[in-house]
Structure formats: structure tokens, C-alpha cells
Amino acid sequence: MNLEKPELAVLTVTPGAKAQALRLAKLIPCDCYTSDKLVSEGFIGFNGSMADCVTRLFASYQSLLFICATGITVRMIAPLVTDKLADPAVLVMDEQAQHVISLLSGHVGGGNKLTMQIAQLLGATPVITTATDVNQVAALDTLIQEVGGEVAAYRQQVKDINQMLVSGQQVGLYLEQVTVKDVRGFVAVEDLNQLPSELAALVIVSNRTDLQVNCDYPVIQIIPKNIVVGMGCRRDTDAELIYQTLCQHLAKYQLDMKAIKQIGSVIIKQDEQGLLALAKRLAVPFTVFTIEELQQHEHRFAASEFVRKTLGIGSVSQPSAWIMSDGNLLGETLKQDGITITLGVSICCI
């Protein structure tokens with residue numbers, strides 16, 4: 001799901017469908033589209049054929065709701081469907097709002113969740129057909145999405161684990177410093193040294209690189225994005241030196257680089273090329289905080305008078321990490337080669 005795209009487009013082709021779209025628009029944010037000849041207040045015209053409009057919207061919205069026949073919807077989106085990891089969620093609703101169908105991208109695209117939400121708002125019956133949902137068990141792809149995680153061989157792992165869950169096989173789930181909402185069907189594992197018997201597979205959600213598991217069934221590790229990094233450095237510090245120093249610090253605590261969620265520093269460093277390059281290399285946000293924001297937490301840490309004289313605050317990496325992790329810092333602050341690094345663990349992964 002691309003969260004930078006507008007959330008929901010509603011497509012209608014009849015007056016009855018328009019009435020339902022207006023009901024929905026009063027309840028959740030959405031953009032309503034209709035044929036050019038039916039355009040009225042609150043609606044955007046297709047600006048040509050419906051097929052051309054659908055092509056544009058398919059690429060530009062997170063979710064599409066068609067209020068029309070399922071057959072029309074299928075014919076419209078068929079040429080556009082490419083990949084479950086990239087396609088928007090597509091829903092269909094009849095113009096009496098009796099049923100809402102999750103048609104495409106139910107898990108990763110959020111179609112099932114949106115279907116439930118719209119059905120509840122309009123008093124309709126949700127229609128969901130994904131096997132994990134109808135069997136009342138969690139799904140590995142939604143778990144990965146919830147923790148913002150990464151896993152090797154994603155498609156095959158999701159297929160295998162979901163198949164085991166819907167088949168009633170025992171799949172263990174070990175969570176470390178992470179909370180997930182839906183664990184239905186998984187067998188909770190508290191200690192990797194005391195695994196339950198008769199497991200068919202084990203899913204580990206952890207950012208650590210040193211985990212050892214002795215078993216003869218598949219073990220899948222999901223790396224959650226929950227590590228935040230507060231950083232300070234001397235002006236014009238070499239980007240590669242910053243990267244290697246961070247690698248060294250992560251290795252000290254056996255943390256996977258893919259777990260980094262965010263880098264933060266003081267606003268004066270907003271144009272620091274080494275930090276900008278690091279954020280780009282890791283494909284994570286680089287967030288800067290004002291002096292006033294950092295000063296609220298400065299008293300918690302030892303201050304450097306040199307840093308205070310230079311930047312107007314006695315420490316940068318520690319209060320930055322404190323803010324990003326809500327005070328859940330990890331380990332000691334590294335001070336080396338003019339670089340300071342403080343790690344934190346964020347409760348929210350995405």
C-alpha cells in the first residue's frame with residue numbers, strides 16, 4: 001500500500017449509486033467520480049470514458065470502490081491488474097448497499113479492512129473470500145505489513161505459512177520487543193530454547209542477528225522496522241565513515257540494519273550531507289528537531305559544553321533518540337570520530 005497516494009476513489013454510473021456515494025462521503029474521506037453526463041455537486045466527471053478514468057485512478061489511489069455490478073468492475077480492472085504488492089485495493093458494492101465485496105488486494109492493499117469498515121458504516125454485509133479470514137486465522141502478509149517488516153523470499157514464505165494456518169497446522173510465533181494485533185491461529189512461543197512440540201514452522205519477529213534455533217522445520221525471521229537512531233556529527237563528516245560507524249554500533253548490539261525506521265538529529269544538521277546520504281542509503285526518513293524540542297529532554301543526559309557552545313544545546317543524539325522512541329533507549333551512546341549515535345526502540349513499527 002502506497003500511503004502517499006490519496007486513499008479512496010468511489011466510482012458510480014447511476015443515480016442510485018451516486019446516492020450511496022454521497023452517504024459514504026459524509027462518513028469517510030473519499031473522492032467521488034461519475035460519468036460526465038451525471039456530474040453534480042460533490043462529483044468529479046470521468047473526463048471521457050469510464051475505462052480511461054479507471055486506468056488513471058488505478059495508478060493514483062490506494063483504494064477504489066465501484067458502486068455497480070461486479071462484472072463491470074472485473075472488466076474494467078482486468079487489463080490493469082499486475083501484482084498483489086502493487087495493485088490498489090478494489091471493492092465492489094451494489095447500489096442498494098446490501099453487500100460490499102473485497103475484490104482485489106485484500107491483505108497487503110488493505111481491501112478486507114476497508115470492506116469491513118464501509119460495510120459497518122453503511123449497514124451492509126461484507127463479503128470477504130481470503131482463506132485466512134474465512135478460517136478466522138491471522139495471515140503472515142498482514143503481520144509483516146503491521147510491523148513494517150522485511151522477510152526473505154516474501155511470496156513463497158507468505159504462501160507456505162498461510163497455507164499451514166488455514167490447514168490447521170501448528171505455526172509458532174515468537175515476538176521480541178514488538179506487539180501485533182492479530183495472532184489468531186499462531187502458537188505463542190515465549191522461549192526459543194523451549195519450543196512447543198509438533199510445530200510445522202516457526203515465525204520469529206525480531207531485529208536481532210544472533211538468534212539461534214535448533215529445529216528441523218522451517219524458521220522464518222521477520223525484521224521489524226522499530227529501531228530509531230539519534231545522530232550528531234562534526235560538520236562535513238565523511239558519509240562512508242558515518243555509515244561504517246553506525247554498522248559498528250548496530251553490530252555491538254546484534255541489530256539488523258534493516259530494522260532502522262528513522263534517523264533524527266538537530267535542525268542545524270538538516271543540510272548535513274553525510275546524514276542525508278545515510279538516510280537515502282537506508283531509505284528511511286531523516287527527521288530534524290528544533291533546539292526547543294531537544295531542550296525539553298536535554299536534562300536527562302550529560303551535556304557537552306563544546307556542543308552547547310556550537311549548537312545551542314548540550315547533546316543531540318540522545319534527546320533525538322528519546323523523542324523518536326518515547327524514551328525507550330537501547331544501549332549506550334557511541335562517541336567516536338566526531339560522531340555520536342544513540343539507539344532507541346520505537347513501539348510503532350510503521
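**A pocket and three helix pairs**

The second largest pocket of this predicted model has a lining of 24 residues. Nearest its centre lie S304, F306, V307, G338 and T340. The space in this second largest pocket comes to about 530 Å³. Five elements each give two or more residues to the lining: β12 (227-233), α11 (305-311), α12 (317-325), β15 (329-336) and β16 (339-345). Helix α11 supplies the largest share, with 4 residues. By class, the lining of the second largest pocket holds 11 polar, 9 nonpolar and 4 charged residues.

Helix α12, one of the elements of that lining, also packs against helix α10 (residues 291-298). The angle between α10 and α12 is about 90°. Their axes lie 9 Å apart. Angles of 65 to 115 degrees count as roughly perpendicular, so α10 is roughly perpendicular to α12. On the α10 side, the contact is made by E293, L294 and H297. On the α12 side, P319, S320, W322 and I323 meet them. The contact of α10 with α12 comprises 4 nonpolar residues, 2 polar residues and 1 charged residue.

A second helix pair is formed by α8 (residues 239-252) and α9 (residues 273-282). Here the packing angle is about 60°, and the axes are 8 Å apart. Roughly perpendicular starts at 65 degrees, and α8 is therefore oblique to α9. The crossing of α8 past α9 is right-handed. Helix α8 contributes A239, E240, I242, Y243 and L246 to the contact. Helix α9 contributes G274, L275, A277, L278, R281 and L282. Of the residues in the contact of α8 with α9, 8 are nonpolar, 1 is polar and 2 are charged.

The remaining pair consists of helix α2 (residues 50-60) and helix α3 (residues 70-77). Helices α2 and α3 pack at about 65°, with 9 Å between their axes. The two helices are therefore roughly perpendicular to each other. Helix α2 passes α3 in a right-handed crossing. From α2, the residues in contact are M50, A51, V54 and F58. From α3, they are I72, M76 and I77. This contact of α2 with α3 has 7 nonpolar residues and no polar or charged ones.

In brief, the pairs differ in the classes of residue they bring together. The α2 contact with α3 has no charged residues. The α10 contact with α12 has 1 charged residue, and the α8 contact with α9 has 2. The lining of the second largest pocket includes 4 charged residues.

Definitions and conventions. Residues are numbered from 1 along each chain as its sequence is written. This is a predicted model: local features need pLDDT of at least 70, side-chain atom pairs count only at pLDDT 80 or more; totals for chains, interfaces and linings use all residues. Side-chain values use heavy atoms; hydrogens and water are left out. Axes are lines fitted to C-alpha atoms, for helices over the stretch in contact, and angles run from 0 to 180 degrees between N-to-C directions. Angles under 35 degrees count as roughly parallel, over 145 as roughly antiparallel, 65 to 115 as roughly perpendicular and the rest as oblique. A crossing is left-handed if the near helix is turned anticlockwise from the far one by less than a right angle, and right-handed if clockwise. Contact means heavy atoms within 4.5 Å. Ala, Val, Leu, Ile, Met, Phe, Trp, Tyr, Cys and Pro count as nonpolar, Asp, Glu, Lys and Arg as charged, and the others, Gly among them, as polar. On a 1 Å grid over the protein atoms alone, a cavity is a set of points where a 1.4 Å probe fits but cannot get out, and a pocket is an open set with protein on both sides within 12 Å along at least five of seven lines; lining residues have an atom within 4 Å of a point. Grid points are joined across faces, edges and corners, and a volume is the space filled by probe spheres set on the points.
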